[in-house]
Amino acid sequence: MSIQPLGQIEEVQKEAEAWSPQRVLTWAFEKFGGSVAISSAFGAEGMVLIDMASRVRKDFRLFTIDTEYLFPETYNLMDRIEEKYGISIEKVYSLLSPETQEFTHGAELWTRDPDLCCRLRKVEPLRRKLQELSAWITSIRRDQTSARSSAHRIEWDAKFGLVKVNPIVDWTSKQVWRYIHEHDVPYNELHNQDFPSIGCTHCTRAVKPGEDSRAGRWPGFAKTECGLHIIERAQTSDAKAAKLGN
Ligand code: SF4
């Protein structure tokens with residue numbers, strides 16, 4: 001399958017809304033080859049995507065932003081993923097070690113300015129990683145946050161200047177968990193301890209009965225996103241054409 005010459009992402013975007021997640025993944029791998037990679041923090045949705053990808057292509061690329069503040073359970077899951085799927089996870093780090101960050105910005109930056117902390121430990125490393133890619137694949141779902149509600153299966157990511165592929169964007173949490181159980185997909189043990197969404201140790205807590213699934217992220221702050229999936233639409237057609245290989 002090929003995107004039309006001078007392909008405008010809007011065209012394939014409309015078509016792709018009717019595609020299955022597997023077809024979206026196939027399209028992405030065929031279109032972008034080694035310059036597309038899955039980005040994951042290994043939540044339940046990410047695990048579904050990794051499992052699906054492994055059934056489409058054995059040597060798919062997978063990277064993660066390792067803030068160096070992750071839970072032991074998350075690091076353990078990374079080991080299990082590498083063993084089960086026979087891949088090597090590309091780990092991307094902040095330019096600042098935790099020690100340098102503390103020296104430069106003071107102790108426990110996440111308690112005072114979590115936006116800055118996320119920018120240093122997540123957004124900047126992601127921006128650096130995405131510069132080497134033409135497309136990235138994520139496991140965001142529209143009903144996770146308001147910022148994700150208008151996401152498409154395939155879209156132009158103006159914030160980072162490449163194609164963004166979201167194969168399970170219209171899935172529900174129920175579908176995610178059904179897939180995990182039906183396909184015996186490994187998942188983070190913290191999900192069994194009331195952590196529906198898992199990030200850094202400093203900014204994630206278990207949710208209480210009746211709370212929103214992302215209530216455990218950045219408790220005490222109005223923040224719901226680390227800044228990786230905020231959508232910016234405007235971008236020049238030249239930048240699009242360059243990444244689409246037109
Ligand atoms: S989630 Fe918290 S600790 Fe992790 S990078 Fe963001 S503010 Fe820092």
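These questions and answers walk through the cores, the ligand site and one arginine of a predicted model.

Me: Which helix gives the most to the largest nonpolar core?
Reply: The largest nonpolar core has 54 residues, and those with the most contacts inside it are F42, L62, I81, I137 and I154. Among the elements that supply this core, the one that gives the most does so with seven residues, and it spans residues 44-56, which is helix α3.

Me: How many residues are in the second, separate core?
Reply: In soluble globular proteins, nonpolar side chains tend to be buried together. Besides the core that holds F42 and L62, this model has a second, separate one that includes V123, L130, F160 and L228, and its number of residues is twelve.

Me: Which helix gives the most to the shell around the ligand?
Reply: The ligand sits in the largest cavity, and the residues around it include Y69, W110, C200, C203 and W218, together with P114, C117, C118, R121 and K122. By class, this shell has eight nonpolar, no polar and two charged residues. The helix that gives the most to the shell, with five residues, covers residues 114-130 and is helix α7.

Me: Is R178 buried, partly exposed or exposed?
Reply: R178 is found in helix α8, which covers residues 173-182. Buried means under 20% relative accessible area and exposed means over 50%; because the relative accessibility of R178 is 46%, this residue counts as partly exposed.

Me: What distance separates the C-alpha atoms of R178 and V48?
Reply: R178 belongs to helix α8, and along the chain R178 and V48 are 130 residues apart. In the folded model, the separation of their C-alpha atoms is 9.8 Å.

Definitions and conventions: Residues are numbered from 1 along each chain as its sequence is written. This is a predicted model: local features need pLDDT of at least 70, side-chain atom pairs count only at pLDDT 80 or more; totals for chains, interfaces and linings use all residues. Side-chain values use heavy atoms; hydrogens and water are left out. A nonpolar core is a set of buried Ala, Val, Leu, Ile, Met, Phe, Trp, Tyr and Cys residues joined through side-chain atoms within 4.5 Å. Buried means under 20% relative accessible area, exposed over 50%, partly exposed in between (1.4 Å probe, protein chains only). Helices (H or I, at least four residues) and strands (E, at least two) are DSSP runs, numbered from the N terminus. A residue is near a molecule or strand if one of its heavy atoms lies within 4 Å of it. On a 1 Å grid over the protein atoms alone, a cavity is a set of points where a 1.4 Å probe fits but cannot get out, and a pocket is an open set with protein on both sides within 12 Å along at least five of seven lines; lining residues have an atom within 4 Å of a point. A molecule sits in a cavity or pocket if more than half of its atoms lie within 2 Å of its grid points. Ala, Val, Leu, Ile, Met, Phe, Trp, Tyr, Cys and Pro count as nonpolar, Asp, Glu, Lys and Arg as charged, and the others, Gly among them, as polar.
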